[in-house]
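Here's a set of exercises to work through with the model open in your viewer. Try each task yourself before you read its solution.

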Amino acid sequence: MLKQLSELVGPVLIERLTLALNHVLASEAEAQARLRPHAGRVLQVLPKGLPALLQAPEFLAFRITPAGLLEALDEPAAPAADLRLELDLSQPARLVEAALSGRRPSVNIQGDAQLAADIGWLMDNLRWDYEDDLARLLGPVPGHQIAQVIRMASGAVRQGLAALARLIPDRPAP
């Protein structure tokens, strides 16, 4: 049942993920400038250690466009990956804590060195400016106020997750 649901919802989620990633990339000229020289190259994302109840997509890959954006690829049509990003999703609480605090998640990168360096730069420096998007949608004052609430809530969640993480012993590397 979960597999069937994943097969129906998965392509829609990948499409939305691609739109979100491109929105963030388009907001930063330097990000697009770093990706343009890699046009046509393929990034494959491999989620590892996902809890059993959650179904990761069987195939998640993107081609870099000449504009410095991303295009989701279908498995049968996908060429070999130039860069593989292996994400460790075995500890979701720590992953959320890292994301909320702006730290890079645990990622194993394999493939082309220059492309890896540019993707690493993106992971370290590119952030979604949700306050700007809220201001465009709702106006500057409500956008700022909602962004403040989001920052306060994420700070509280970050503190709670950090407290929980201290209670969980580190797992040995596989």
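**Exercise 1. Work out how Arg34 and Glu30 are placed and paired.**

Step 1: Arg34 and Glu30 both sit in helix 2, four residues apart, about one turn of the helix. Helices here are DSSP runs of H or I with at least four residues, strands are runs of E with at least two, and both are numbered from the N terminus.

Step 2: Look at the side chains: they meet in a salt bridge, at 3.1 Å from N to O. The term means a side-chain nitrogen of Lys or Arg within 4 Å of a carboxyl oxygen of Asp or Glu.

Step 3: Check the cover. Arg34 counts as partly exposed because its relative accessibility is 24%, and Glu30 is partly exposed too, at 36%. On this scale, buried is under 20% relative accessible area, exposed is over 50%, and partly exposed is in between (1.4 Å probe, protein chains only).

Before going on, a word on the source: this is a predicted model, where local features need pLDDT of at least 70 and side-chain atom pairs count only at pLDDT 80 or more, while totals for chains, interfaces and linings use all residues. Residues are numbered from 1 along each chain as its sequence is written, and side-chain values use heavy atoms, with hydrogens and water left out.

**Exercise 2. Find the salt bridge of Asp82 and say which parts of the chain the pair links.**

Step 1: The partner of Asp82 is Arg41, with the closest N and O atoms 3.6 Å apart.

Step 2: This pair ties together distant parts of the chain, 41 residues apart: Asp82 is in the loop between strand 3 (70–72) and strand 4, and Arg41 is in the loop between helix 2 and strand 1.

Step 3: Asp82 is partly exposed, since its relative accessibility is 25%; Arg41, at 23%, is partly exposed as well.

Step 4: Now go back to the helix 2 pair. Glu30, Arg34 and Asp118 are joined into one network by salt bridges that share partners. The whole structure has six salt bridges, including one between Arg16 and Glu15 with a closest N to O gap of 3.4 Å.

**Exercise 3. Trace how strand 4 pairs with strand 1 and strand 5.**

Step 1: Start with the overall order. The chain has six helices and five strands, following the pattern α-α-β-β-β-β-α-β-α-α-α along the sequence.

Step 2: Strand 4 (residues 83–88) runs parallel to strand 1, and six bridges join them. Strands count as paired if DSSP finds at least two bridges between them. One of the partners to look for is Leu85, which bridges to Val45.

Step 3: Strand 5 (residues 107–111) runs antiparallel to strand 4, with five bridges. Here Glu86 has Asn108 as its bridge partner.

Step 4: Stay on Glu86 and list its contacts (heavy atoms within 4.5 Å). Skipping neighbours within four places in sequence, Glu86 touches Leu46, Lys48, Ser106, Val107 and Asn108. From Glu86 to Ser106 is 20 residues in sequence and 8.5 Å in space, C-alpha to C-alpha.

**Exercise 4. Which residues touch the most other members of the largest nonpolar core?**

Step 1: A nonpolar core is a set of buried Ala, Val, Leu, Ile, Met, Phe, Trp, Tyr and Cys residues joined through side-chain atoms within 4.5 Å.

Step 2: The largest one has 19 residues, and Leu25, Leu43, Leu83, Ile119 and Leu122 touch the most other members. At least two residues each come from helix 1 (2–26), helix 2, strand 1, strand 2 (61–64), strand 4 and helix 4 (113–125). Helix 4 gives the most, with four residues.

Step 3: Zoom in on Ile119: leaving out residues up to four places away in sequence, Ile119 touches Leu35, Leu43, Leu83 and Leu85.

**Exercise 5. Is His38 buried or exposed, and what does His38 touch?**

Step 1: Find His38 in the loop between helix 2 (29–35) and strand 1 (42–48).

Step 2: His38 counts as buried because its relative accessibility is 5%.

Step 3: Its contacts, apart from residues up to four places away in sequence, are Ile64, Gln114, Leu115 and Asp118.

Step 4: For context, 28% of the 174 residues in the chain count as buried.
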